[in-house]
Amino acid sequence: MIADAESAKARSVREMFASIAGHYDFLNHLLSGNVDRLWRRAFVREVEQRLAVPHPQILDIGCGTADLSLAFSRLGSVVGCDFCHPMLTLGKRKVAMARNPYQVRLLAADALSLPFPDSSFGVVVSAFVVRNLANLEKGLAEMRRVLGEGGLLGILDFSLPSAPVVGPLYRYYFTRILPKIGRLLSGVEGPYSYLPESVRSFPPPERLRQLIAAAGFTQVECHSLTGGIAVLFLGRRTVREDSKKLEKPATDFAP
Ligand SMILES: C[S@@+](CC[C@H](N)C(=O)[O-])C[C@H]1O[C@@H](n2cnc3c(N)ncnc32)[C@H](O)[C@@H]1O
């Protein structure tokens, strides 16, 4: 029954992103007033400051149209994966046109069952994805599995600001105005109502921080961006005592 519910959620998320893929970038930048670009840049900067070794192998989970993969290609070679083909197709076009400092490769994969060996990457990042996962714990466990020892995890997602004036104003925009603009410009009914709903029903930042720590990450930090509209989580992969003997050293991923 649980597996059925998970595959139903995965299917509806995949179909939803397929239905808005063509409008995704434009609406993303419009509805956020281009602040999403600043968030991705801040994300790369924060990870860069914490890198233990230069030029790591980076995995971008739920890469969509590849904006985050392209931003991270400044630091090392990137593998972006997503389970929605129309998003990936658009991403591949952007990657082909961009001048990437390091290589960016995109491939189809499910975040809950990643097709990579253990400890394949030095950095695992994901932006605006975890809220959509049918099984968050499984998603975090997969992130941990594919990260090498001491590797860095970065997760960016929306939250709801709680400041006295800005909070209610933003909530009004996010729940009332944004879905209308999204529907009008994309011509699709559901996705832009799903967005505020999925943020509202997702664990608040402190709870998500605890879940990330419980999944086997240490030094888990949680940074509020733009007054709490988005939150960036950073953590490091620890080695569990009981699994030390089984771990392999981080290796380059060769698809
Ligand atoms: C809101 S978009 C974010 C795209 C991109 N990370 C960005 O910053 O713009 C969410 C993406 O996550 C992908 N996604 C959601 N659940 C997934 C899963 N289980 N496996 C792989 N991709 C998933 C969707 O297909 C979609 O492209």
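Student: How many Å separate a nitrogen atom of the ligand from a polar backbone atom of Ala 111?

Tutor: The structure is a predicted model. In this model, the distance from a nitrogen atom of the ligand to a polar backbone atom of Ala 111 is 2.8 Å. With regard to burial, the ligand taken alone exposes 600 Å², of which the protein buries 97%.

Student: Which side chains have polar atoms placed against the ligand, in the cases of Tyr 24 and Asp 110?

Tutor: Both do, through their own atom pairs. For Tyr 24, an N or O atom of the side chain is 2.8 Å from an oxygen atom of the ligand. For Asp 110, a polar side-chain atom lies 3.0 Å from a nitrogen atom of the ligand.

Student: How many residues surround the ligand, and which are the closest?

Tutor: The ligand is surrounded by 19 residues, and the closest are Tyr 24, Arg 40, Gly 62, Asp 82 and Ala 111. Tyr 24 also belongs to helix 1, where it takes part in the contact with helix 4.

Student: How should the packing of helix 1 and helix 4 be read?

Tutor: Two packed helices are described by the angle between their axes and the distance between the axes. Here the axes of helix 1 (residues 2-31) and helix 4 (residues 85-97) cross at roughly 30 degrees and come within 8 Å. Angles under 35 degrees count as roughly parallel, and helix 1 and helix 4 are therefore roughly parallel to each other. Helix 1 contributes Phe 17, Ala 18, Ala 21, Gly 22, Tyr 24 and Asp 25, which meet Pro 86, Met 87, Leu 90 and Lys 94 of helix 4. Sorted by class, this contact has seven nonpolar, one polar and two charged residues.

Student: At what angle do helix 1 and helix 7 pack?

Tutor: Their angle is about 100 degrees, and the axes of helix 1 and helix 7 (residues 191-200) are 9 Å apart. Helix 1 is therefore roughly perpendicular to helix 7. On the helix 7 side, Pro 191, Tyr 192 and Tyr 194 meet residues of helix 1 including Lys 9, Val 13, Met 16 and Leu 31. The contact of helix 1 with helix 7 has eight nonpolar, one polar and one charged residues.

Student: How far apart are the axes of helix 6 and helix 7?

Tutor: The axes of helix 6 (residues 166-186) and helix 7 are 7 Å apart, at an angle of about 150 degrees. Among the residues making the contact are Phe 174, Leu 178 and Arg 183 of helix 6, together with Tyr 192, Pro 196 and Arg 200 of helix 7. By class, the contact of helix 6 with helix 7 divides into seven nonpolar, four polar and two charged residues.

Conventions
Residues are numbered from 1 along each chain as its sequence is written. This is a predicted model: local features need pLDDT of at least 70, side-chain atom pairs count only at pLDDT 80 or more; totals for chains, interfaces and linings use all residues. Side-chain values use heavy atoms; hydrogens and water are left out. Axes are lines fitted to C-alpha atoms, for helices over the stretch in contact, and angles run from 0 to 180 degrees between N-to-C directions. Helices (H or I, at least four residues) and strands (E, at least two) are DSSP runs, numbered from the N terminus. Angles under 35 degrees count as roughly parallel, over 145 as roughly antiparallel, 65 to 115 as roughly perpendicular and the rest as oblique. Contact means heavy atoms within 4.5 Å. Ala, Val, Leu, Ile, Met, Phe, Trp, Tyr, Cys and Pro count as nonpolar, Asp, Glu, Lys and Arg as charged, and the others, Gly among them, as polar. A residue is near a molecule or strand if one of its heavy atoms lies within 4 Å of it. A polar contact is a pair of N or O atoms within 3.5 Å; within protein, one must be able to donate a hydrogen and the other to accept it, and residues adjacent in sequence count only if both atoms are side-chain atoms. Accessible areas come from the Shrake-Rupley method with a 1.4 Å probe; for residues, only the protein chains shown count as cover.
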